[in-house]
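Please open the model in your viewer and keep the sequence panel beside it, since this tour moves from one selection to the next.

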Amino acid sequence: MTTTTHQPGTIQPGTIQPGTMQSAVASIAETAADRLERAVTAATPSIHGLVADVVGLGIRVEGVRAGVGELVHVLTDAGSLPAQVVAVHRSGVTCMPLGATHGVSAGDQVVPSGGSARVPAGFGLLGRVVDALGRPMDERGPLTDVRFVPLEASSPNPLHRRRVEHPLPTGVRALDSMVPLGAGQRVGIMAGSGVGKSTLLGMAVRGTAAPVRVVALVGERGREVREFLEDTLDDASRERSVIVLATGDDPPMLRMTAAFTATRIAEWFRDQGLDVLLVVDSVTRTALAQREVALAAGEPPASRGYPASVFAMLPRLLERSGPGVDGSITALYTVLVEGDDLQDPIGDTVRGILDGHIVLSRRLATAGHFPSIDILESISRVERAVLTPRQRDLVAKTRRLLAAHRDARDLIEVGAYAHGSDPDVDLAIRLRPGLDAVLRQPPDEVVAIDQTWQALESVIGFAVPAAPAAIAGAPAPPTSSGPGVLTTTEGLR
């Protein structure tokens with residue numbers, strides 16, 4: 001029996017690592033516990049199994065004792081192939097390979113690892129590109145200043161989470177004003193293909209005030225990876241980012257694992273007291289990979305071919321982000337909706353879990369309006385917590401005008417609208433060019449949050465009458481100046 005152990009690297013002081021005595025003691029204790037766990041695993045005898053058959057994506061193994069989620073190694077003529085147990089049967093287990101199954105044959109030995117997957121985490125990951133298992137892909141040498149942590153982790157205690165109270169600027173006018181993000185909020189970007197999701201994500205990653213960015217590219221076209229790294233991200237953003245990559249030709253187990261690996265890395269930075277921007281593009285491809293794994297393991301399909309385990313996996317992944325005890329993870333998840341149908345099973349489930357959603361419109365994209373955010377269909381559930389009363393009033397007035405213009409658009413386009421019929425429509429027609437100028441933005445432009453509100457105020461502020469008076473006896477709106485804006489990395493804590 002051969003046992004392999006891995007010694008995790010120690011955490012060295014970094015440019016943004018807290019240097020408190022408490023964090024140092026906690027790191028030493030965590031390292032000691034990790035080494036003790038590895039020593040116990042190494043001392044545990046293992047029983048080798050044999051490959052019984054390979055059908056489709058799954059490898060059925062007999063004679064090995066391993067639990068669901070445990071890693072095993074298939075010893076083929078071409079070398080060791082890692083795989084993960086996804087189902088347990090009376091006579092053995094079913095494993096999903098973390099690589100190509102070419103060369104796997106019946107009778108190959110299977111050695112259990114004695115534990116689940118572990119991935120690197122630490123400041124040494126900043127500026128690096130890794131695969132779904134945390135292995136470097138950028139040819140910049142081995143990872144340093146990292147430690148290996150279990151891939152699986154539990155969500156923070158809901159009673160210990162910080163409240164979302166501070167806005168997190170992204171540098172995108174349409175987002176920062178009409179669909180504001182809060183530090184620790186989780187938002188879905190809902191759209192079909194080809195309407196600018198990746199471009200909007202790149203704008204948010206470049207312009208965010210968060211000191212750390214973790215980006216998971218799941219199921220991406222191989223051709224687009226370098227374009228995202230070199231064109232969408234600038235040099236400064238790349239040095240503060242960790243890229244986790246699983247292209248569309250990777251095995252489904254790797255594509256599913258990529259989102260969890262990125263989340264685990266973001267959790268490590270959050271546990272250091274930092275605010276992190278987590279981007280997963282896309283959660284739909286993660287769900288599709290989980291569907292392939294579940295169907296290969298023998299699970300019956302349910303809604304539109306998705307097994308029940310897919311809908312159990314989504315909250316397990318999405319609930320891990322958000323605010324923690326000290327730091328926070330602000331998460332952006334893209335959702336590819338089928339045929340622009342927002343009611344598809346994945347989109348509907350994700351929308352019910354997250355704290356808001358941003359809908360991208362194909363009509364706006366084909367008209368050259370970027371970012372193509374459909375303001376009226378998008379919502380932020382933390383808007384009242386992160387905007388001042390004056391800002392909320394500007395947003396309400398803007399939405400009112402956009403809704404009036406939308407309702408009368410058909411009449412306006414054919415020239416059948418009679419001016420004077422509706423004051424809101426008249427005002428919407430007059431202010432529409434100014435609103436479009438505020439809501440449009442070149443991909444390489446980053447706008448400060450103060451400039452965003454000044455631009456909206458100049459268009460809407462004094463031109464739109466106040467909303468109708470509240471019902472007599474209703475409580476007055478709050479008069480506080482509202483939450484402070486997080487505009488620097490120091491102010492994110």
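Helices, of at least four residues, and strands, of at least two, are runs assigned by DSSP and numbered from the N terminus. Counted in this way, the protein has 15 helices and 19 strands, and you should keep in mind throughout that you are looking at a predicted model.

**The whole chain**

Begin with everything selected and shown as a surface, whose accessible area comes to about 22100 Å², with 55% of that belonging to carbon and sulfur atoms. Of the 493 residues in the protein, 52% are buried. If you consider the contacts with a separation of 6 or more, 74% of them are between residues 24 or more positions apart.

**Salt bridges**

Side chains of opposite charge can pair when their charged atoms come close. The structure holds 26 salt bridges, and the next selections take you to several of them.

Select Asp138 and Arg128, which form a salt bridge whose closest N and O atoms are 2.7 Å apart. Asp138 lies in the loop between strand E8 (129–131) and strand E9 (147–150), while Arg128 lies in the loop between strand E7 (118–121) and E8, so the pair ties together parts that are 10 residues apart in sequence. Is Arg128 buried or exposed? Because buried means under 20% relative accessible area, Arg128 counts as buried at 5% relative accessibility.

Now move to Arg162 and Asp275, whose side chains meet in a salt bridge at 3.2 Å from N to O. This pair links distant parts of the chain, for Arg162 is in the loop between E9 and helix H2 (173–178) and Asp275 is in strand E13 (residues 275–281), 113 residues apart. Arg162 counts as partly exposed, with 27% relative accessibility, whereas Asp275, at 3%, counts as buried.

Next, select Glu292 and Arg255, where the side chains again meet in a salt bridge, at 3.2 Å from N to O. Here the link runs between helix H7 (residues 283–296), which holds Glu292, and helix H6 (residues 252–271), which holds Arg255, and the two residues are 37 apart in the chain. Glu292 is partly exposed, with a relative accessible area of 30%, while Arg255 is buried, with 10%.

To end this part, select Arg221, Arg223, Glu224 and Glu227 together, as these residues are linked in a network of salt bridges.

**Two helices that cross**

Colour helix H8 (residues 308–318) and helix H9 (residues 345–353), whose axes come within 10 Å and cross at roughly 35 degrees. The crossing of H8 with H9 is right-handed. Which residues of H8 meet H9? Show the side chains of Val310, Phe311, Leu314, Pro315 and Leu318 in H8, which meet Pro345, Ile346, Thr349, Val350 and Ile353 in H9. Sorted by class, this contact of H8 with H9 has nine nonpolar residues, one polar residue and no charged residues.

**A buried valine**

Finally, centre the view on Val335, which lies in strand E17 (residues 328–336). With a relative accessibility of 0%, Val335 counts as buried. Leaving aside residues up to four places away in sequence, Val335 touches Ile189, Met190, Ala191, Lys197, Val283, Thr284, Gly347 and Val350. If you then add Ser282 to the selection, you can compare two separations, since Val335 and Ser282 are 53 residues apart in sequence and 5.9 Å apart in space, C-alpha to C-alpha.

Technical notes
Residues are numbered from 1 along each chain as its sequence is written. This is a predicted model: local features need pLDDT of at least 70, side-chain atom pairs count only at pLDDT 80 or more; totals for chains, interfaces and linings use all residues. Side-chain values use heavy atoms; hydrogens and water are left out. A salt bridge is a side-chain nitrogen of Lys or Arg within 4 Å of a carboxyl oxygen of Asp or Glu. Buried means under 20% relative accessible area, exposed over 50%, partly exposed in between (1.4 Å probe, protein chains only). Contact means heavy atoms within 4.5 Å. Accessible areas come from the Shrake-Rupley method with a 1.4 Å probe; for residues, only the protein chains shown count as cover. Axes are lines fitted to C-alpha atoms, for helices over the stretch in contact, and angles run from 0 to 180 degrees between N-to-C directions. A crossing is left-handed if the near helix is turned anticlockwise from the far one by less than a right angle, and right-handed if clockwise. Ala, Val, Leu, Ile, Met, Phe, Trp, Tyr, Cys and Pro count as nonpolar, Asp, Glu, Lys and Arg as charged, and the others, Gly among them, as polar.
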